[in-house]
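Here's a quick briefing to read alongside the model. Have the structure open while you go through it.

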Amino acid sequence: MIFQTLRWTLLIAFWRKYKSNVIYSIIVIITLVALQYLHADYLQYQQLTAEPNEQHIAISFAVKWLLIMGLIGSVIWMWRQADGETADKGRKFADKSFGKGLGKKTSVKSQTVDKGQDPFENIRAKKKLRSKADFIVESKDD
Amino acid sequence: MSVFSSIKGKYHERIREKAIGRAQTRIIIAGKSPEDFSEEELEIIVKEEEDKILGDAKEKGLLALAALLGLSLWS
């Protein structure tokens, strides 16, 4: 019973997080399979005719591979878009909250700070962050 | 090798971004703004959040491994 619940919880969590990716992947797989079948049918049809047109067959191969490359490209583009969206979510949330204002003290202070300036800019660039203990040790060294 | 190092870099970048997001949320909940803090103070807050994220990830990974191997969840 508990395993069933755990399994469903994991599946639902996975579905909620990757819903769009899963649907898009299924569509891409179906399209690829349909493309293969269509091309195979076309080749069979060409073989059945008395004089198969070699030029048409060559074009069909080129079109097939172009479509496959296009699909792969669109999948990569989709993943990149999804990556960008998740990275921006945190920033947008913070921007929204600052925009609303959190009391007089905060709004007055944020007016004095340059709007384009991000207080976390230097932290973002740092390779390793220091803890409070590191700062204490460093201050004692001086 | 460069592929692996770029993946590692992206992973660290993601964790840093998440930690900054959490730090911002924490500051907002406290009714303050990041501009109220010095760079050192912000660094301490982000570092704490980063450690929490890494700890959570390790814990979740171990739990998932235990669930998959020990409990044979998917059989």
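What follows covers confidence, the two chains and the core.

This is a predicted model: local features need pLDDT of at least 70, side-chain atom pairs count only at pLDDT 80 or more, and totals for chains, interfaces and linings use all residues. Residues are numbered from 1 along each chain as its sequence is written, while chains are lettered from A and ligands numbered from 1 in the order in which they are written.

**Confidence**

- pLDDT is the predictor's confidence in each residue, from 0 to 100.
- Chain A has a mean pLDDT of 78, with 75% of its residues at 70 or more.
- Chain B averages 84, and 89% of its residues score at least 70.
- For the complex, the predictor gives an ipTM of 0.72 and a pTM of 0.46.
- Among the elements of chain A, helix H1 (residues 2-48) has the highest mean pLDDT (88) and helix H3 (residues 104-112) the lowest (39).
- Go easy on residues 100-113 of chain A, where pLDDT stays under 50. The model has 14 contacts beyond four places in sequence for that stretch; a contact is two residues with C-beta atoms, placed from the backbone, within 7 Å.

**Chain A**

- Chain A has five helices and zero strands; these are DSSP runs (helices H or I, at least four residues; strands E, at least two), numbered from the N terminus.
- Just 2% of the 142 residues of chain A count as buried. Buried means 20 or more other C-beta atoms within 10 Å of a residue's own, exposed means 12 or fewer, and partly exposed is in between, with C-beta atoms placed from the backbone.
- H1(A) is hardly covered, with zero buried residues among its 47.
- The end C-alpha atoms of H1(A) are only 59 Å apart, short of the 69 Å that a straight helix would reach at 1.5 Å a residue; the expected span is 1.5 Å times one less than the number of residues.
- H1(A) also has a kink of about 80°, centred on Tyr18(A). The bend is the angle between axes fitted to the seven residues ending at a residue and the seven starting there.

**Chain B and the core**

- Chain B has two helices and zero strands, and 23% of its 75 residues count as buried.
- H2(B) has 32 residues and should span 46 Å, which agrees with its end C-alpha atoms being 46 Å apart.
- Buried residues in H2(B) include Leu42(B), Ile44(B) and Glu49(B).
- The largest nonpolar core has 10 residues, among them Phe120(A), Ile123(A), Ile20(B) and Leu42(B). Such a core is a set of buried Ala, Val, Leu, Ile, Met, Phe, Trp, Tyr and Cys residues joined through C-beta atoms within 7 Å.
- Phe120(A) touches Ile20(B), Pro34(B) and Leu42(B), not counting residues up to four places away in sequence.
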